[in-house]
Amino acid sequence: MIESLTTFKPVAATVALALMWLTEGLVPMFEGHRERVRHDASNVALGILNALVASLLFAGATLVATEWARANGFGLLHGIGVTGVWGFVLAFVLFDCWQYLWHRLNHRIPFLWRFHAVHHADRELSASSGLRFHTGEIVLSSIARLAVLPLIGMTVAQLLVYEAVLLPIILFHHGNVGVPRRADRWLRWLIVTPWMHWVHHSDYQPETDSNYSSVFSFWDRIFGSFRLVGDPRKLTLGLEDVERSDWATLPGMVAMPFRKRGGRRRDGGARADGGRERRRARGRRNAASGQPGPGR
Ligand SMILES: [Zn+2]
């Protein structure tokens, strides 16, 4: 099972990404993305680099840690003896909760934010943005997982199932797809949707520091970080002080944590570098007012 899931993952990722890319071309939510191919190619290149680093450095260690926990009856799920389908369900929910907490820590702790800011520096969201994480963030989260997985008592098979579900949902909620408001509202009772996650990519700090969930949207409702805006197309995406050269290329993204932190705008007005005006000029729909949307 583990081998087939491992083989299935890159194939499923490629198919999901291709489908999202085609849909983004047909029914985009944000219009005016001029350099789709270059933007998406850079993000995908970083995603491939991360997949290689994670598998080379952490696949073996993850297997050892989870198998040790199982052999010794260590961890919550092994301790209470939950196996089979319920084992998969409980492991899935608990690990998704961990993902929420880890994401929140990435916003709270300055050292972690240095790396996570690379993800937030993307000013033109698309499905490929769901792959845009700094390799340092992947390494740090993989190290944390080596402790968390045994504590939960999660097996590698359960982790691979979680990742197989997580990936298409991540691509979907970063995607530049014009999901109808009503459909999004129904979907986000259970999972994280574009209308919910785009708020997280606003450059306005109270919005950036909200909607941390990965798969299930209810963590934000439970922990009080759920936030919506009236019209996400009015959001200014990205970070205040990150110029184009910092995010356009793979070397630029890799170097970014060592050069600057990536600021979140704390006031409700226009961005100092004129980002709001530039985006408006690119022809975003319904951006005529330039005023903060409801919920800010
Ligand atoms: Zn974030």
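Two residues count as in contact here if their C-beta atoms, placed from the backbone, lie within 7 Å. By that yardstick, take the contacts in the protein chain between residues at least 6 apart in sequence: 75% of them join residues at least 24 apart.

This is a predicted model, where local features need pLDDT of at least 70, side-chain atom pairs count only at pLDDT 80 or more, and totals for chains, interfaces and linings use all residues. Numbering starts from 1 along each chain as its sequence is written.

The protein chain has 14 helices and 0 strands; helices (H or I, at least four residues) and strands (E, at least two) are DSSP runs, numbered from the N terminus.

Let's look at helix 6.

| Helix 6 item | Value |
|---|---|
| Residues | 135-152 |
| Distance between end C-alpha atoms | 25 Å |
| Bend at Arg 145 | about 30° |

That bend is the angle between axes fitted to the seven residues ending there and the seven starting there. Just after helix 6, Gly 153 has a positive phi of about 80°.

Several helix 6 residues are buried, including Gly 136, Glu 137, Ser 141 and Arg 145; buried means 20 or more other C-beta atoms within 10 Å of a residue's own. Their cover includes helix 2 (36-71), helix 4 (84-108) and helix 5. Across the protein chain, 39% of the 296 residues are buried.

As for helix 5, Leu 112, Phe 115 and His 116 there meet Gly 136, Glu 137 and Leu 140 in helix 6.

Technical notes: Axes are lines fitted to C-alpha atoms, for helices over the stretch in contact, and angles run from 0 to 180 degrees between N-to-C directions. The expected span of a helix is 1.5 Å times one less than its number of residues. A residue is buried if 20 or more other C-beta atoms lie within 10 Å of its own, exposed if 12 or fewer, and partly exposed in between; C-beta atoms are placed from the backbone.
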